[in-house]
Every structure is written in structure tokens, then in C-alpha cells.
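Here is a friendly walk through one protein–DNA model, to be read with the viewer open. We begin with charged pairs and then turn to the DNA.

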Protein chains: 2
Amino acid sequence: MVTNKNKYNCCSESSSDDIAAVRAADAELATLAKALGHPVRVHILRVLSQKQSCICGEIVEHVDGLAQSTVSQHLKILKEAGLIRGEIEGTSVCYCINLNGLKRLRVLISNV
Amino acid sequence: MVTNKNKYNCCSESSSDDIAAVRAADAELATLAKALGHPVRVHILRVLSQKQSCICGEIVEHVDGLAQSTVSQHLKILKEAGLIRGEIEGTSVCYCINLNGLKRLRVLISNV
DNA sequence: TATGTTTATCGTAATATGACGATAAAGTCA
DNA sequence: TGACTTTATCGTCATATTACGATAAACATA
């Protein structure tokens with residue numbers, strides 16, 4: 001059906017810089033999406049979204065049936081992806097949504 | 001610190017149906033995000049988005065360096081998540097973006 | 001019918017993820 | 001200081017993912 005690879009001129013106008021930028025966006029979107037790619041992590045985001053902020057122990061209570069260490073792992077993944085932030089308060093850690101990360105994810109998805 | 005679990009009244013207004021619906025949305029969003037959680041799959045989506053539609057063999061060419069079987073696996077994951085559709089055309093398969101799936105993902109993320 | 005083309009699936013190996021309990025680290029408070 | 005609380009990290013195991021080559025399935029065509 002399509003015999004000419006440049007039928008849509010999708011390559012001729014792209015510099016290698018453009019390609020690198022798109023590849024970087026691919027990787028960034030994939031990283032963010034992967035972090036969101038587990039129901040428990042989505043649930044944690046929702047809890048933080050509703051409560052504005054939440055200490056780690058409360059999150060563990062909200063995520064029913066999982067060990068504290070498991071929840072801590074999920075929090076780490078969300079934090080490393082830039083979707084949440086954690087602030088130490090005494091012995092506790094107060095987590096909150098990182099709105100910039102969430103916005104970035106929305107922007108990247110809207111650009112697909 | 002927090003002794004009353006209903007401090008924010010976040011549960012008292014939720015019926016079990018609501019909770020089930022939110023859990024289902026969590027799972028749906030996680031499934032869609034997980035499918036997007038690999039740079040090659042993001043790239044495939046971008047290719048399909050730019051070219052409107054694309055036969056499998058062309059996608060394999062666009063995803064440089066990966067075996068045809070690997071690309072086929074990625075296509076399967078995207079298809080099962082509802083992010084792309086595939087239509088058989090003779091010996092080829094013509095893939096295109098499933099806009100409904102992409103919209104659904106955007107809606108679910110905007111509701112987090 | 002026989003041959004070639006295209007794509008999906010199978011089998012397999014390496015690596016990643018998700019879960020747990022145990023424990024370390026860091027702070028609070030008596 | 002010593003006991004307690006809270007959270008992160010470690011070690012481990014089971015399972016999932018990613019990649020590959022080989023092959024099967026389905027169609028086109030000589």
C-alpha cells in the first residue's frame with residue numbers, strides 16, 4: 001500500500017537533534033508511565049491527591065494487606081519517577097504529590 | 001499523630017460501589033500505563049500517530065535493531081491494552097492508533 | 001501446487017519486578 | 001543513656017518482562 005517511505009515527509013524535516021529530543025521524550029514518558037503501571041501505585045497517588053499530604057504510615061494503612069516494606073518500595077519508585085515528594089518530619093516522612101511530575105506526564109501523553 | 005482514620009471524612013461518603021469503581025479505575029489506569037511503560041512502545045505509538053497507519057513490517061523498520069518477533073510482542077501488548085488496533089490486509093497487518101484507548105488514558109490520568 | 005512473503009507464536013535465557021520478613025538507621029522521649 | 005517509633009534497605013524467592021532465533025500460519029502469486 002505505502003511504497004514510498006517519505007510519503008508523509010516525516011523524516012526529511014527532522015534533524016538528528018530533533019530525533020534525539022523525541023527519543024528522550026519517549027524514554028521520559030516510558031519512565032513515568034512505568035511508575036504508574038501498578039494498581040497499588042495508582043492508589044497511592046489517589047490517596048495523596050485526596051489528602052494533600054500523608055505520612056508514610058497512613059499510606060501503609062490505606063494500602064490494605066501489603067507489608068510496610070512493600071509499600072516503601074512502591075513509594076520509592078514513585079519518588080524516583082518524580083511523581084511524589086517526601087519530606088522528613090521527625091521519625092516520619094510526609095509524602096505529597098509532585099504536581100510538576102504529574103503535569104509533565106499529562107503533557108507527554110497529550111503529545112503522543 | 002493521626003488517631004482518627006476519618007479525620008478527613010474521606011471514607012464516610014464513599015459507598016462500597018464507589019470504592020469498587022475507584023479500584024477498577026486504578027487497575028485500568030495501571031494497565032494502560034504499564035503498556036506505555038517501555039520506550040519502544042512509546043515510539044511505536046508515535047510512529048502510528050504520525051503516519052496514521054502503518055503495516056507491521058514498516059514498524060519493524062522504524063524500531064531499529066530489534067528482531068521482528070520482539071516488535072510483534074510489543075505490538076501485542078499495545079493491542080491488548082487497547083492502545084492500538086490491527087487490521088489484516090492480505091499477508092500484512094495494518095496497525096493504527098486506537099484513539100479511544102489513548103483518550104481513556106488521558107481521562108484517567110487527569111482524574112488522579 | 002509449490003514458492004515466497006508477512007506476521008504471530010513458541011521455546012528459552014537473562015534480567016526486572018513484586019512481595020515478604022528481618023534488620024538497620026534516624027529520630028523521639030522518658 | 002536506653003527504649004520505642006517510624007521508615008528505608010537488605011536478602012530472598014516467585015513471577016513477569018524483554019529479547020532472541022526458530023517455526024508455524026495465512027495469504028499471494030508464479
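How many salt bridges are there over all chains? The count comes to 6, where a salt bridge is a side-chain nitrogen of Lys or Arg within 4 Å of a carboxyl oxygen of Asp or Glu. As general background, side chains of opposite charge can pair when their charged atoms come close.

Before going further, a word on the ground rules: this is a predicted model, in which local features need pLDDT of at least 70 and side-chain atom pairs count only at pLDDT 80 or more, while totals for chains, interfaces and linings use all residues. Residues are numbered from 1 along each chain as its sequence is written, chains are lettered from A and ligands numbered from 1 in the order in which they are written, and side-chain values use heavy atoms, with hydrogens and water left out.

**Salt bridges**

Three of the pairs are set out here.

| Pair | Closest N to O distance |
|---|---|
| R46(B) and D26(A) | 2.5 Å |
| R46(A) and D26(B) | 2.5 Å |
| K51(A) and E58(A) | 3.3 Å |

Take the salt bridge between R46(B) and D26(A). This pair crosses between chains, running from helix α2 (residues 39-51) of chain B to helix α1 (residues 16-35) of chain A; helices here are DSSP runs of H or I with at least four residues, strands are E runs of at least two, and both are numbered from the N terminus. R46(B) counts as buried because its relative accessibility is 11%, and D26(A) is buried as well, at 2%. Buried means under 20% relative accessible area, exposed over 50%, and partly exposed in between, using a 1.4 Å probe and protein chains only.

R46(A) forms a salt bridge with D26(B). Here R46(A) lies in helix α2 (residues 39-51) of chain A and D26(B) in helix α1 (residues 16-35) of chain B, so this pair too joins two chains. Both R46(A) and D26(B) are buried. In the K51(A) and E58(A) salt bridge, both residues are buried.

**DNA strand D**

Which residues come nearest to DNA strand D? Of the 24 around it, they are Y95(A), K34(B), A67(B), T70(B) and H74(B); a residue is near a strand if one of its heavy atoms lies within 4 Å of it. Helix α4(B) gives the most to this surface, with 5 residues. The surface residues divide into 7 nonpolar, 14 polar and 3 charged. In this scheme Ala, Val, Leu, Ile, Met, Phe, Trp, Tyr, Cys and Pro are nonpolar, Asp, Glu, Lys and Arg are charged, and the others, Gly among them, are polar.

Sugar or phosphate supplies 64% of the strand D atoms within 4 Å of the protein, and bases the rest. A polar side-chain atom of Q68(A) is 2.9 Å from a base nitrogen of strand D, and S69(B) places a side-chain N or O atom 3.2 Å from a base oxygen. At the backbone of G57(A), a polar atom is 2.9 Å from a phosphate oxygen.

**DNA strand C**

Around DNA strand C there are 24 residues, and K34(A), A67(A), T70(A), H74(A) and Y95(B) come nearest. Of the strand C atoms that come within 4 Å of the protein, 66% belong to sugar and phosphate. Helix α4(A) has the largest share of this surface, 5 residues. Phosphate oxygens of strand C are found 2.3 Å from a side-chain N or O atom of Y95(B) and 2.9 Å from a polar backbone atom of G57(B).

Key
A polar contact is a pair of N or O atoms within 3.5 Å; within protein, one must be able to donate a hydrogen and the other to accept it, and residues adjacent in sequence count only if both atoms are side-chain atoms.
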